[in-house]
Amino acid sequence: MLMMDNKKLTLKLKEKAWAEGFALAGIASIPGSSRINLRTQALERWLERDYHSEMKWMEADRRKNIESLLIGAKSVLVVGLNYLSNESQKKPNFKFGKFSQGDDYHRVITKKLKKIGKWIETKSSDCKWKVCVDSSPLLEKAWAEESGIGWIGKHSNLINKKYGSWLTLGFMILNKELIPDKPSKPLCGQCDKCVDHCPTNAITEPFVINSELCIAYHTIENREEKIPSKIANNLNGWIAGCDMCQDICPWNNSVPTNESVEVKPKEWMTNLDQEALKWSDEEWADKLKGTTLKRIKPWMWRRNIQAAINK
C-alpha cells in the first residue's frame, strides 16, 4: 500500500469531510495549545459552582484528557454540520431547538465520520481512529476552537463567521500527526446581545451558563414533576430546547441554509398543538423515533406543553 504523506493526508481528510456534507472541517494537534488548559480550568470552575445541575456526566475526568479516548492520539479532525434549514426558521405553535428538528445528529455525524474512517484505513494501514460526538467525554467546543472552525461565543456555543452557531460538532481522533489549522480568535468583541436577551439570566457572565436557569436544560434534562416557576413563566412557547440567545446573535443574521433531508424538521413538530397532550406514550415513541429528542420522555412532553400553555 502506498502511504500518503502527512500534508496530503490532511488535505484529503478535510476534502472527504466536505464531500460527506459537513460545512466545516479543521485539524488540531494533540495535546493542543495552552488554551486547552484554560478551557479545562474553566470547566472545573463551572462544575465547582454546580452549574451543570443534574448533568453528572459532565464530571467525567476523561473529558479533560483527549488522549484517554485513543491510545497514541496525535491529531483530531473536527467537523461542523450546519443544521439550519428554511423550514426550521418557521414559527410553529410550540418551539423546538433547531438542532433537534431533523434526524438524530449523533447518528448522522457518526455515520459520516465512520465512512471517512474506513477511507483513511485504505490510505494509511497503521492509522487508528475513534469517532466522538457530544455523548463522548470530550471538551468539544474547546477542540473545535483549537481546530480553527470557530470560536466559543458568550452564549457558550461555537460560532463560525459564515455558519454562525447553527452547528453540531463531530470529532475523529487519530494516531497520526497531521498538519494543524490555526486556532480561531474570538470575534464577539463588546457585543453582549445574547447575555442581555436571555429572559431567565441563565448566562450569568459571558461564556458561563447556569443550567438551573436555562430553558433548554429544564425542557430537555430536568426530570422533576414540575418546571420551576421562573422558567415556566418565561417559556414563550419553548417546549424542547431554546434558541433565544442564538436567534439574537448578529453572526446568525445571514447563515446559508442546509436543505438536506437530514436536518429538515419532522412534520409533526411544525403542526404540533394542544392535542398532543392526549397522545399516548406509544404515539410519542413513534413520533420521536430517529430524533435526538427521545431524551425527552412522554410525561415530560406533557409537562412542558402544559407549562407553555399555562403561561
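## Sheet

In this predicted model, strands β4 and β7 (residues 167–174) pair in the antiparallel sense, and four bridges join them. One of the residues involved is V131, whose bridge partner in β7 is M172.

The pair belongs to an open sheet of four strands, ordered β1-β2-β7-β4 with antiparallel pairing. Its edges are β1 (24–29) and β4 (129–132), each of which pairs on one side only. From one strand to the next, the twist averages 20°. In general, the strands of a sheet pair through backbone hydrogen bonds, in either a parallel or an antiparallel sense.

## Helices on the sheet

Two helices are described here by their contacts with the strands. Helix α1 packs on the sheet and touches β1, β2 (75–82) and β7. The direction of α1 makes about 145° with that of β1. Helix α3 lies across β2, β4 and β7, and runs at about 30° to β7. Strands β2 and β7 thus appear in the contacts of α1 and also in those of α3.

## Packing of α1 and α3

Two packed helices are described by the angle between their axes and the distance between the axes. For α1 (residues 6–19) and α3 (residues 105–123), the angle is about 150° and the axes are 10 Å apart. Angles over 145 degrees count as roughly antiparallel, so α1 is roughly antiparallel to α3. Their crossing is right-handed.

On the α1 side, the contact is made by L9, K12, L13, K16 and A17. The α3 side supplies I116, W119, I120 and K123. By class, this contact holds six nonpolar and three charged residues, with no polar ones.

## Salt bridges

Side chains of opposite charge can pair when their charged atoms come close. The model has 14 salt bridges, counting a Lys or Arg side-chain nitrogen within 4 Å of a carboxyl oxygen of Asp or Glu. One of the residues that forms a salt bridge is K115, which pairs with E20; the closest N and O atoms are 3.3 Å apart. This pair links distant parts of the chain, with the two positions 95 residues apart in numbering. K115 is in helix α3, whereas E20 is in the loop between α1 and β1.

## Packing of α10 and α11

Helices α10 (residues 281–288) and α11 (residues 298–310) cross at roughly 90°, and their axes come within 9 Å. Angles of 65 to 115 degrees count as roughly perpendicular, and α10 is therefore roughly perpendicular to α11.

In this contact, D281, W284 and L288 of α10 meet P298, W301, R302 and I305 of α11. The residues divide into five nonpolar and two charged, with no polar ones.

## Backbone geometry

Most residues other than glycine have a negative phi, and most peptide bonds are trans. Two places in the model depart from this pattern.

I30 and P31 are joined by a cis peptide bond, with omega about 20°. P31 lies in the loop between β1 and α2 (34–48). S156 is not a glycine, yet has a positive phi of about 80°. The loop that holds S156 runs between β5 (151–152) and β6 (158–159).

Conventions
Residues numbered from 1 in each chain as written. Predicted model: local features only at pLDDT ≥ 70, side-chain atom pairs only at ≥ 80, totals over all residues. Heavy atoms only, no water. Axes fitted to C-alpha atoms, helices over the stretch in contact; angles between N-to-C directions. Parallel < 35°, antiparallel > 145°, perpendicular 65-115°, else oblique. Left-handed = near helix turned anticlockwise from the far one by under 90°. Contact = heavy atoms within 4.5 Å. Nonpolar A, V, L, I, M, F, W, Y, C, P; charged D, E, K, R; others polar. Pairing = 2+ DSSP bridges.
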